Amino acid sequence: MAQVSSQPFVVRIEPRPVLTAAFKLTSAVGGTALPFTLGHAFKKGEVPAGVSLAGGIPELQVVEKNRWPDGSLKFAVVSGRITLEAAKSFTVPLQVGTPLSVPNLSTANLKASGITASVDAGIFGAAAWSGSDWDAPFVEWVGGPVMSSWIYRKPIGADAHLVAWLEVRLYKGGEVEVLPWVENGYLNVAGPTSKNATYRFMMNGAERFNSAFDLPNHCRTVLVSGARHSYWNVADPQITPRHDKEHLQATRLVPAYRASVPSGASVWSSLSQTYVPLQLSNYSPAMGTTGYHGSIGMLPEWDVLYLASDDDRAYAGVIVNGYSAGRYGIHYRDTQTQRPIRFSSYPNLVIGGNSGITGTGASSTNSYTPATTGTPPQTWASSHHPSVGFMAYLLTGRFYFMEQVQFAATVHFLKNTDTARLFAQGVFRSNAGANTTRGAAWAMRTLVQAACITPDSDSALRSEFMASLEANVNYYHRRYVAMPNNPHGIVTPYSDYTGVGDGIYYTAPWQEDFFTAAYGYAIDVEPAISPAGMTNLRQFFAWKARSVIGRFGGTAPTEYLYRDAATYTIAVSPSDNPDFENGKGPWYSDWGQIYAATLGTANSGVPGDLRGAYYPGETSYWGNLQPALAYAVEHNVPGALQAYERMTGAANWKSMVAALNTAPVWGVRPRNAP
């Protein structure tokens, strides 16, 4: 007789992931089975590998684009069809479920819709699509049973530079959405010049766009105008998505902001809501000029407003400004791949003159992009450039915006001297005149964003961005961590702010703060670099964060009094010519000496209010340091929390918080502290 085991039979039930992800949809017109698409970011571990998502509506698909290093979902394009009442929002939760088991929509389905499209550029010619033209897209961007999307391109006439592009979305109900644009931006084709013409877009035989403008070299523009963001073969459903801003910030793909901007704030009156080709929108009229501008920061003001308010005007502001980035001559497309360049293919190539890009360098092999003529592009300065297209991509999942981020990342590689950038490695040196310290910071921020959103499936271009990111990390780690160097977290500045003769080397701490914040942000995004590279990144950031933590010392003579943390310049060395290259200095022995050299007096030992000529200075030095200190706290750098508590414990800190509600760009907060 068989024995029966006395051990209980245990059934292991794996817990279902708990999702907090959801979004709202609002249609200005309402209707049934309205088509929509948006981008959606996810927290690390929120959707583990092997887990599929569904939604709180029957017709919804989630198509992944990126995963975190642990295999969990990082970013996806979400599409569906939904019934909405006019002007009434509806919340769509995302939940674990079984995807629709229906074949994906194909180019055959697109062709069967009878859609036709054309882009006409007057004297330069035209490009048109109909019938079998839809069989051969440049790339399939999204494949799904509810929505599939493809990218199409054709040269305009016989012109060597001008190209028409379409981003086409086909929905289950036969609805077709098209975003057309023209681009004048090849990397190495001779004779780049501006293209002045009357540009027209036709869809299904009807004219949708007609406008005359001069498209400068290496610029592009979508062919839309007014409040329209794209074109439909049916009535525009006019759906505005609203992401859960707390969830989006919790993903760490964007900073966390403390501000809450009211709908009556003055900033709304100047936020662009409509578009015409090449318009300024909310960018600086002259990028690179001194002083504060809302475009400068971890994210620009128009993107932060989306995260720091519940106002639907913020969404239009993000999209319109995303389109307006095309006015800059940063679009260097490789004729071999028809994509933004791979660094490894051009180790010596540098942007030539008259490009609209400031501070371009030299090539050791005399390899330059072709000389340009005609109407020049608007000035692009890496030292002051904003994040372009990144937030727009996170909200929409559009290929157009994804490439905008990539173009911005590659232009900073191309503008630098090949020997300085270490050829194909693409290193942004803090002391290179083509960068400046802040330029290297913002170039790193943009590179991190490009590495973050380039789809995992785009392995060739993604690996280039990751390799450059890791090369930057390793370069700075070797220089400041692997060998003894400045003990206070100051990277090599590009110049002494007071010049030779006073026996003291001064730098701008606010530029150091930009640099610190960029590397702290890189840790949050967690790029898929090697484990050794991530270790180096964390170690370098811990060293770099000393430059902001040290300025928030206590009342001891050896400390830098926190009340004066935000100054225009700070003493770095008791020498006009400190040795940063070999790390020998000389350096001040403690922060108390730096304080005395900077302020001209010893630490008074008296605690009190935060102070300075610009306090609360939400748009100046007190604002500039917030992201750097926030990331230092978030990443648990020794001394960071105490520094943060000294700042927030000051009696007049509340005035700073209030000021950030009207100018929120610098209001970055740590997620692990109030």
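## Strand S2

Let's start with S2, a strand that is mostly covered: of its eleven residues, eight are buried. Buried here means under 20% relative accessible area. Keep in mind as you look around that this is a predicted model.

So who does S2 pair with? Its partner is S5, with nine bridges joining the two strands, which run antiparallel. One pair to look up on screen is Gly-31, whose bridge partner in S5 is Leu-84.

## The sheet around it

Zoom out a little and S2 turns out to belong to an open sheet of three strands, in the order S2-S5-S4 and with antiparallel pairing. Strand S2 (31-41) and strand S4 (60-67) are the edge strands, each pairing on one side only. On average, neighbouring strands of this sheet are turned by 15° against each other, direction ignored.

Now for the other edge. S4 pairs with strand S5 (residues 73-84) in the antiparallel sense, over seven bridges. If you want a spot to check, Glu-64 stands opposite Ala-76 in S5. In general, strands of a sheet pair through backbone hydrogen bonds, either parallel or antiparallel.

## Helix H6

Further along the chain, have a look at helix H6 (residues 399-415). Is H6 enclosed or exposed? Of its 17 residues, 17 are buried, so H6 is largely enclosed by the rest of the structure.

Its length works out too. At 1.5 Å a residue, the 17 residues of H6 should span 24 Å, and the end C-alpha atoms are 25 Å apart, which agrees.

Notes:
Residues are numbered from 1 along each chain as its sequence is written. This is a predicted model: local features need pLDDT of at least 70, side-chain atom pairs count only at pLDDT 80 or more; totals for chains, interfaces and linings use all residues. Side-chain values use heavy atoms; hydrogens and water are left out. Two strands pair if DSSP finds at least two bridges between them. Helices (H or I, at least four residues) and strands (E, at least two) are DSSP runs, numbered from the N terminus. Axes are lines fitted to C-alpha atoms, for helices over the stretch in contact, and angles run from 0 to 180 degrees between N-to-C directions. Buried means under 20% relative accessible area, exposed over 50%, partly exposed in between (1.4 Å probe, protein chains only). The expected span of a helix is 1.5 Å times one less than its number of residues.
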